[in-house]
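Here is a short tour for your next look at the chain. Keep the structure open beside the text and follow along.

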Amino acid sequence: SACVLCGDCNTGCNYGAKNTLLMNYLPDAKQHGAEIFCKVWVSDIKELDDGKWQLNCKYGGDDGTPPHDLVVTADIVMLGAGSLGSTEILLRSREKNSLAISDMCGQRFGSKTASLGSETKLIVGYGCWFSAADGDFFGLSYNGPDEVNGCGFANHTPKDMKGKECGPCITGVWDLRSMSTPLSQGMVIEDINFPGAFAPLLSALLPAASVIWGQETSPSDIEKKLLRILESLAEGPYVGATQHTLMLGGMSTYGSRDQNGQLKLSDGRLCIDFPDAIDADHNSQVKAVLRHAATNMKATYIEDPLANPSVIKGNAMPKVEATIHPLGGCIMSDSYETGVVNHKGQVWLGPSKVYSNLYVTDGAIIPTSLGVNPLLTISALAERICMLLAADHGWTIKYTKTKTSAGATVKRVPEW
């Protein structure tokens with residue numbers, strides 16, 4: 001359906017307008033005869049004597065009961081569990097089933113702003129990428145003179161919010177990359193919405209954040225800014241200072257740095273070891289650009305406290321770094337010694353051989369930071385892998401729509 005400009009893209013579109021997997025590839029696969037099984041967790045993969053694959057899985061367990069063992073066999077396996085998931089499956093398969101997977105599996109991890117010391121936590125947006133991920137930085141242009149409409153509708157209807165439409169998350173990009181400079185020196189700045197679910201908290205949290213971490217860029221407007229703050233406190237986030245606030249996201253690449261992060265198994269669980277993730281000089285460059293943007297908007301610049309070294313080192317809050325787009329872990333390369341999959345996404349078996357029917361199709365295969373949202377790159381690589389797989393088997397992919405019954409549903413694994 002058409003976008004109603006509600007602005008709640010980050011927390012899930014309530015109007016069926018967001019073009020996600022649930023709205024494109026999965027329905028298309030169903031229309032072409034695919035069976036989709038929910039609530040299944042894949043532990044590992046084993047190669048059988050007849051060349052087929054055995055997937056050892058767990059089903060259920062979300063209702064408080066122990067999960068059931070489930071075994072699936074397949075002629076072809078295509079992993080698309082994201083950088084964390086696909087890497088974990090291959091690492092466990094090598095450990096349990098002696099798959100001859102390259103030692104590069106889990107290596108070359110690099111996450112945009114992921115700092116992992118002995119006392120540092122990493123928050124990762126599951127499902128995007130890891131190997132040399134771009135740098136995610138956030139900042140706020142708070143309480144400027146212009147209305148922004150940067151907060152989602154939440155439970156308000158489009159009719160209630162007439163004239164205050166937020167619009168989709170990320171509708172503008174300030175592209176600071178250049179063909180004449182190294183990729184590692186470039187960055188993009190994007191606008192980001194506040195999810196409406198957080199709206200009730202913003203009127204109080206933002207003024208507090210501006211006092212603690214804010215940098216005033218337009219002192220002459222202090223009186224007007226104070227009035228807008230009081231308006232938000234009295235009447236809510238869709239007026240006043242909150243209504244005049246824009247969240248900024250900066251993305252850059254660490255392409256010039258050694259990617260020394262590693263994904264590995266510890267007691268059967270995936271762990272991330274990335275002791276040297278923060279590049280202080282690089283962080284300062286991105287934050288300077290975000291502050292410049294807030295200055296041009298005559299707003300108070302609020303730096304992301306989690307990306308503030310003084311806050312982290314001063315133990316003012318838990319040591320946490322966040323990344324939205326992890327990449328890598330099963331990187332693409334032209335050899336077994338330097339990567340996990342070839343250009344077709346096939347997993348390397350040895351120096352000159354591949355597992356011809358075992359593929360990785362997601363952001364885990366991307367070998368370097370992109371410095372921009374990776375969705376289209378990941379999608380293009382997955383499409384190409386499917387195209388080459390079909391060609392290798394002499395298949396023809398039908399890109400036309402297929403009619404199915406209106407009552408078609410997703411199949412669930414039978415209960416035991």
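Asp-392 has a relative accessibility of 43%, so this residue counts as partly exposed. In this predicted model, the side chain of Asp-392 meets that of Lys-344 in a salt bridge, at 3.1 Å from N to O. Asp-392 sits in helix H8 and Lys-344 in the loop between strand S15 (320-323) and S16, so the pair ties together parts that are 48 residues apart in sequence.

The chain has 10 salt bridges in the count. Three of them are set out here.

| Acidic residue | Basic residue | N to O distance |
|---|---|---|
| Asp-69 | Lys-58 | 2.4 Å |
| Glu-88 | Arg-92 | 2.7 Å |
| Asp-392 | Lys-344 | 3.1 Å |

Asp-69 belongs to strand S4 and Lys-58 to strand S3, so their bridge joins parts 11 residues apart in sequence. Asp-69 is exposed, with a relative accessible area of 55%, while Lys-58 is partly exposed at 31%. Arg-92 and Glu-88 are both in helix H2, 4 residues apart, so about one helical turn separates them. Arg-92 is buried at 6% relative accessibility, and Glu-88 is buried at 13%.

What about the nonpolar interior? The largest nonpolar core has 29 residues, and Leu-90, Leu-358 and Val-360 touch the most other members. Strands S3 (53-59), S4 (68-74), S5 (77-79) and S17 (354-360) are among the elements giving two or more residues to this core, as are helices H2 (82-97) and H8 (375-393). Beyond its neighbours within four places in sequence, Leu-358 contacts residues including Ile-45, Trp-53, Val-77, Leu-90 and Leu-99. A second, separate core of 19 residues includes Cys-6, Cys-9, Ala-199 and Tyr-238.

Strand S11 (residues 246-252) is worth a look too: 7 of its 7 residues are buried. Leu-246, Leu-248, Gly-250 and Ser-252 point one way from S11, and Met-247, Gly-249 and Met-251 the other way. Such alternation between the two faces of the sheet is what side chains show in a regular strand. S11 pairs with strand S9 (residues 187-192) in the antiparallel sense over 6 bridges, and Val-188 has Met-251 of S11 as its bridge partner.

How confident is the prediction, and which element scores lowest? The chain averages a pLDDT of 83, with 81% of the residues at 70 or above. Among the elements, strand S6 (residues 121-124) has the lowest mean pLDDT, 41, and strand S16 (residues 346-348) the highest, 98. Over residues 111-134 the pLDDT stays under 50, and residues 412-416 are also below 50.

Key: Residues numbered from 1 in each chain as written. Predicted model: local features only at pLDDT ≥ 70, side-chain atom pairs only at ≥ 80, totals over all residues. Heavy atoms only, no water. pLDDT = per-residue confidence, 0-100. Contact = heavy atoms within 4.5 Å. Buried < 20%, exposed > 50% of the residue type's maximum accessible area, 1.4 Å probe, protein only. Pairing = 2+ DSSP bridges. Core = buried A, V, L, I, M, F, W, Y, C linked by side-chain atoms within 4.5 Å. Salt bridge = Lys/Arg side-chain N within 4 Å of Asp/Glu carboxyl O.
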